[in-house]
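Subject: Structure handover

Hello,

Please find the structure below, with notes on its strands and helices after it. They are meant to be read with the model open.

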Amino acid sequence: MNNKIGIFDSGKGGLTTLKEIKKLLPHEDFIYYADSENNPYGNKTDEALYLIVDNIVKKLISKDVKLIVIACNTATTKCIAKLRENYPNMLFIGTEPAIKVACDNNYKNTLVLATTGTIESERTQELVLNNKKEDQNIYLLACEGLANAIEESNQARINELLHKYLDEYTTKKIDSIVLGCTHYPIISESIQMLFPNAKLIDGNIGVAKRVKFILEENKLLNNKKENGTIEFILTKKD
């Protein structure tokens, strides 16, 4: 029986997703694939990104995973439909900007931070169209280079980019910020400092709940009593 949950992202961002799933499902075994070699995903063409993602999926399937979490908003919005079509026997759970959560909670001025690929994707446009009420404003902001700066732990570059992208929004009465990239929760404190009165919305909690639901629905929950294991696969830039 396949017993592991596979999770992948373009580096360490998806660790924020793994943390929430592990919290909810402590007895499960995980394989985390950190694809730093191809970071960032947000500036890849759809074709190039799918080839990268398909290669990772093949490797995870070869390691007998029962479910794959795409812990990357860009890879989810651009690749998940094709993956489900090409791998009908594998369960996939994606990550997408929590725009619905912001709208459902009646925030009036929501700032969505994500990669260029995620912001420009059809799925993000659908989320806005399907959830925004008439009295709500949603600002979509592509933060080119930010995920890469976080991946490299380059604090000076992170600060520079935050001010470059966010300063003009500090006067717009922003009351919620959707962290539309799994790297961004890593710097949530820095973002919160610029918007002390805004609610930061992280989609990872919803992803964790979805993983649990799908495993229960398919009777795939691990019933062992001891804590699960985590195997890491890391790729590095040359």
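Two strands count as paired if DSSP finds at least two bridges between them. The model is a predicted one. By that rule β5 pairs with strand β6 (residues 137-142), to which it is joined by six bridges in the parallel sense.

**Strand β5 and its partners**

One of the β5-β6 positions is V112, which stands opposite L140 in β6. Strand β5 also runs parallel to strand β7 (residues 176-179), with four bridges between them. There L113 has L179 of β7 as its bridge partner. Is strand β5 (residues 109-114) enclosed or open to the outside? Buried here means under 20% relative accessible area. Six of the six residues of β5 are buried, so the strand is largely enclosed by the rest of the structure. Its side chains split into two sets: N109, L111 and L113 point one way, while T110, V112 and A114 point the other way, and all are buried.

**The five-stranded sheet**

A further group of strands forms an open sheet of five, in the order β4-β3-β1-β2-β9, with parallel pairing. Its edges are β4 (91-93) and β9 (230-235), each of which pairs on one side only. On average, neighbouring strands in this sheet are turned by 20° against each other, direction ignored. Helix α1 (residues 15-24) packs on the sheet and touches β1 (4-9), β2, β3 (65-70) and β9. The direction of α1 makes about 170° with that of β2.

**Strand β2**

Strand β2 (residues 29-35) has partners on both sides in the sheet order, β1 and β9. It is joined to β1 by six bridges, and the two run parallel. F8 has Y33 in β2 as its bridge partner. Going from β1 to β2, the chain passes through α1, and this β-α-β crossover is right-handed. With β9, strand β2 pairs in the parallel sense, again over six bridges. Y33 stands opposite I233 in β9, and D35 stands opposite T235. Seven of the seven residues of β2 are buried, so this strand too is largely enclosed by the rest of the structure. D29, I31, Y33 and D35 point one way from β2, and F30, Y32 and A34 point the other way; all are buried.

**Helix α3**

Helix α3 (residues 73-86) lies across β3 and β4 and runs at about 165° to β4. How far does α3 reach from its first C-alpha to its last? With 14 residues, α3 spans 20 Å, close to the 20 Å expected at 1.5 Å a residue. There is nevertheless a kink of about 60° in α3, centred on C79. C79 is itself one of the buried residues of the helix, which are N73, T74, A75, T76, T77, C79, I80 and L83. In an α-helix there are 3.6 residues a turn, so residues three or four places apart point the same way. The elements covering the buried residues of α3 include α2 (46-62), β3, β4, α5 (116-119) and α6 (122-131).

Regards

How values were computed
Residues numbered from 1 in each chain as written. Predicted model: local features only at pLDDT ≥ 70, side-chain atom pairs only at ≥ 80, totals over all residues. Heavy atoms only, no water. Axes fitted to C-alpha atoms, helices over the stretch in contact; angles between N-to-C directions. Contact = heavy atoms within 4.5 Å. Expected span 1.5 Å × (residues − 1). Bend = angle between axes of the 7 residues up to and from the residue. Buried < 20%, exposed > 50% of the residue type's maximum accessible area, 1.4 Å probe, protein only. Right-handed = clockwise from strand over helix to strand, strands pointing away.
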